[in-house]
Amino acid sequence: MGRYLIKGGKPLYGEIHIQGAKNSVLPIFAAALLTEEKVTITNCPMLTDVENMAEILRSLGATATISDGVAEIKAEQVASYEIPACLAKEIRSSIFLLGSVLARKGKAKVAYPGGCNIGLRPIDIHLKALKEMGVKVEEKEGYILCDAQEVEATAITLDYPSVGATENVMLLASLTEGTTTIANAAQEPEIEDLEQFINAMGGKVSGAGTPFIKIKGVKSLVGAEFRTMGDRIVAGTYLIGAALCGGELTLKGVNPEHLLSLNGKLSKGSCKVVSKNDIIHITASGKVEALDDVVTQPYPGFPTDLQAQICVLASVAKGSSLVVENIFETRFKHLPELIKMGARVKLKDRVAVFNGVDDLYGAEVNSYDLRGGAAMVLAGLRAKGTTIVNDSHYVERGYEDIVRDLTGVGADIKKI
Ligand code: UD1
């Protein structure tokens, strides 16, 4: 397993081009199954999770290639309706395939999905919504068997704005006759990307980005070319990196509106954040003022996927700072690692209270999940001395090349 070796204490200066969004491209890959024709996806991040998703599509009978940020998928025939357990266990996004495979094959068999180990991550909301559309669901020996012979458009109200459940319904409803509506839908920007992709294929989806989405089913969808949006979580990670280390970063290829909840926190600290079009510019002194309380919420609230990274900032912010995790129950595995580096933090249930220290110190620390691993890289950049972050494969699930991005702006980091 790879590790990162980081010599901390260097300010970050320069420009980073932000990769395409993982959480956009994964459901878009699932949506590619909805048409027999070829789809081309550009700005596709080169990630292990994305390659895994391509492998699942191939196992279902599609062709899928990814090279230099361009993915080409053609699902002329979907030969199988079973998503292999060994592949599904690797990524939680395999669950989106339920909607697409049902739409194409009328039935689906999927193993309980995997993904980062950050809590229970049940799929009851997905299954309830599919059942409301008339899908018969049977859960058996770790598998979910679905039959969509009597599927029909309907009005669905989600109990919680689950990102994945919203996307799954959009996928199945796109090829289901009649109009399906989703109330209390998730409003994440990645859902708008999925809407645009489905519509580029000839679909009729509206309302993504609001809590009410309307999907008019069409008979068939056609091939399309689509550019994935920039990854707001990767951009947010680097903004926090600049706030921690000081310096001046220009991030290109990301929509600044997607990061307003983070920018609000950074601007109240010692950073100046200026945005224009798809560019965000941050100037930071490296001295971190007290942070406003951070409370993770569904979009447009503060993203759970940036919670671990902002914990590093909270650990060196003046005075005490509060970070509350509302989305996933066990997403604080990075705290003991931060404590090894000198952070002072107490955790009770889902609330972490930091007592800011002046400096972090290099140590050997572990990644336990994707964003927690990225947070430890940030801690290493800020720390005095040398840090080793174990298990870099977690980070590689979501960051195309964190070493390339950070060395390009002056950090001393390498993979060993
Ligand atoms: C997506 C993102 C993930 C992000 C999360 C929340 C992708 C590939 N992943 O995950 O990076 O952290 O949104 O912004 O897009 N829940 C249930 N039952 C369900 C579904 C969800 O209880 O059927 C719970 C989950 O356990 C979790 C919360 O709802 O506590 C949010 O889950 P959801 O919005 O569905 O997230 P994902 O789509 O899994």
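Which backbone N or O atom lies 2.8 Å from an oxygen atom of the ligand? The atom belongs to valine 163. The model is predicted, and every distance and area discussed here is computed from it.

Valine 163 is one of several residues with a polar contact to the ligand. A backbone N or O atom of glycine 164 is 2.9 Å from a ligand oxygen. Asparagine 23 contributes through its side chain, where an N or O atom is 3.0 Å from an oxygen atom of the ligand. On its own the ligand has 740 Å² of accessible area, and the protein covers 88% of this.

The shell around the ligand has 18 residues, and those that come nearest are Arg92, Ile125, Ser162, Asp305 and Ile327. By character, seven residues of the shell are nonpolar, six are polar and five are charged. Helix 5, residues 124-132, and helix 6, residues 163-174, each supply at least two residues of the shell. Helix 5 gives the most, with three residues.

The position of the ligand can be read from the domain assignment. The protein chain is divided into domain 1, made of 3-19 and 230-415, and domain 2, which spans 22-223. Both domains give residues to the shell, so the ligand lies between them. The centres of the two domains, taken over C-alpha atoms, are 30 Å apart. Contacts between the domains involve 22 residues of domain 1 and 24 residues of domain 2.

Helix 1 covers residues 22-32, and 10 of its 11 residues are buried, so the helix is largely enclosed by the rest of the structure. The buried residues are Lys22, Ser24, Val25, Leu26, Pro27, Ile28, Phe29, Ala30, Ala31 and Ala32.

Valine 234 sits in helix 8, which runs over residues 232-245. Valine 234 counts as buried because its relative accessibility is 1%, under the 20% cut-off. Leaving aside residues up to four places away in sequence, valine 234 touches Ile18, Gln19, Gly398 and Tyr399. Glycine 398 is 164 residues from valine 234 along the chain, yet their C-alpha atoms are separated by 8.0 Å.

The backbone has some features to check in the loops. Asparagine 43 has a positive phi, near 55°, and is a residue other than glycine. Asparagine 43 is placed in the loop between strand 3 (38-42) and helix 2 (48-59). Is asparagine 43 buried or exposed? With 15% relative accessibility, asparagine 43 counts as buried.

Asparagine 277 also has a positive phi, of about 50°, although it is not a glycine. The loop that holds asparagine 277 lies between strand 16 (271-276) and strand 17 (279-284). The relative accessibility of asparagine 277 is 67%, so this residue counts as exposed, the cut-off for that class being over 50%.

The last backbone feature is a cis peptide bond between tyrosine 299 and proline 300, with omega about 10°. Proline 300 is in the loop between strand 18 (294-295) and helix 10 (307-316).

Definitions and conventions. Residues numbered from 1 in each chain as written. Predicted model: local features only at pLDDT ≥ 70, side-chain atom pairs only at ≥ 80, totals over all residues. Heavy atoms only, no water. Near = heavy atom within 4 Å. Polar contact = N/O pair within 3.5 Å; in protein donor to acceptor, adjacent residues only side chain to side chain. Areas by Shrake-Rupley, 256 points an atom, 1.4 Å probe, with all protein chains shown as cover. Helix = DSSP H or I, 4+ residues; strand = E, 2+ residues; numbered from the N terminus. Nonpolar A, V, L, I, M, F, W, Y, C, P; charged D, E, K, R; others polar. Domains from an automatic or database assignment. Buried < 20%, exposed > 50% of the residue type's maximum accessible area, 1.4 Å probe, protein only. Contact = heavy atoms within 4.5 Å.
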